[in-house]
Amino acid sequence: MPRSQTSPSESLAQRLTLALCAALIAAFGYGLYRYTAGLEVWTFEGQRRLALQAGRLHAAPVPLLEEATTPIRLWPSAGGAPTAAYLVDFVYTRCPSVCSVLGNEYQQMQAQLAAERRASNDARAVRLVSISFDQQHDDAASLRAYAREHAIDPSLWTLAIPASAADTRRLMRSLDVVAIPDGLGGYVHNGAIHLIDASGQLRGLYEFDQWPEALAAAKRLAAAEAR
């Protein structure tokens, strides 16, 4: 049987298809290379740490309500404000796991700051902050109960919630904090301790069991800001 021959138009279509496929593969590879920082960072948390190193994460200056009642502002600090370093975690009061551990570790930081603040200007310039992201459930009564459970001293440790759900989303988005419903009524969320300076810039991230390192870094930052 005679061999079928490809017409010029069919040949052109095949070449164009191959060229388009090659371009798509190249674009995907370039995008993947950029997103993974040269194929070295594959997780969202890894991307967040790259953004931290590049100085791209600033906490949005959203209005907050201390224990869901008293309006406050933390960053940027007003002129003459004593706080130079904030250690911030994101919690919800019904959390049975990560938030409970963070609360216990914040208690240890609070005790250390209380012991040091009389003799140390650096310790006095550090403030602990826990921010609830659960607008639906964390009302004033829930936050007061959380404060009692963890023996929060308001002079050292601020427990607050953003003024609105939109403020919560804005603050969390500004720091790339993620909270995803777990299907059981709770959340899977970041459990890191965030070191934030007086202007609101994120200066460090620490795993929840690294609270001694986080506290030491906050005092170093406070000392540097005082110079």
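**Exercise 1. Decide whether Cys-99 is buried or exposed, and do the same for Cys-95.**

Start with Cys-99: its relative accessibility is 1%, so it counts as buried. Keep in mind that this is a predicted model. Now take Cys-95, which has a relative accessible area of 9%. The cut-off for buried is under 20%, so Cys-95 is buried. To finish, look for disulfides: a search of the whole structure finds zero.

**Exercise 2. Check the span of helix H3, then find its buried residues.**

Helix H3 covers residues 98-116, which makes 19 residues. The expected span is 1.5 Å times one less than the number of residues, and for H3 this comes to 27 Å. The C-alpha atoms at the ends of H3 are 27 Å apart, in agreement with that value.

Next, walk along the helix. Cys-99 is one of its buried residues, and the others are Leu-102, Gly-103, Glu-105, Tyr-106, Met-109, Gln-110 and Leu-113. Here is some help in reading that list: an α-helix has 3.6 residues a turn, so residues three or four places apart point the same way.

**Exercise 3. Work out how strand S8 is enclosed and which strands pair with it.**

Begin with burial. Strand S8 spans residues 193-197, and five of the five are buried, so the strand is largely enclosed by the rest of the structure. Ile-193, Leu-195 and Asp-197 lie on one side, with His-194 and Ile-196 on the other, and both faces are covered.

Now turn to the neighbours. Strand S3 (residues 85-91) pairs with S8 in the antiparallel sense over four bridges, and Leu-87 has Leu-195 as its bridge partner. Strand S9 (residues 202-206) also pairs with S8 in the antiparallel sense, over four bridges; there, Ile-193 stands opposite Tyr-206. The S8 and S9 hairpin has four residues between the strands, and Gly-200 takes a positive phi near 100°.

**Exercise 4. Put the strands of the sheet in order and place two helices against them.**

First, the order: the open sheet has seven strands, arranged S2-S1-S5-S4-S3-S8-S9, with mixed pairing. At the edges are S2 (70-72) and S9, each pairing on one side only. From one strand to the next, the twist averages 35°.

Then pick out a parallel pair: S4 (residues 126-132) and S5 (residues 157-162) share four bridges, with Ser-130 partnered by Leu-159.

Finally, add the helices. Helix H5 (residues 140-149) packs on the sheet and touches S3, S4 and S5, its direction making about 160° with that of S5. Helix H6 (residues 165-174) lies across S3, S4 and S5, at about 115° to S5.

Technical notes: Residues numbered from 1 in each chain as written. Predicted model: local features only at pLDDT ≥ 70, side-chain atom pairs only at ≥ 80, totals over all residues. Heavy atoms only, no water. Disulfide = S-S within 2.5 Å. Buried < 20%, exposed > 50% of the residue type's maximum accessible area, 1.4 Å probe, protein only. Pairing = 2+ DSSP bridges. Axes fitted to C-alpha atoms, helices over the stretch in contact; angles between N-to-C directions. Contact = heavy atoms within 4.5 Å.
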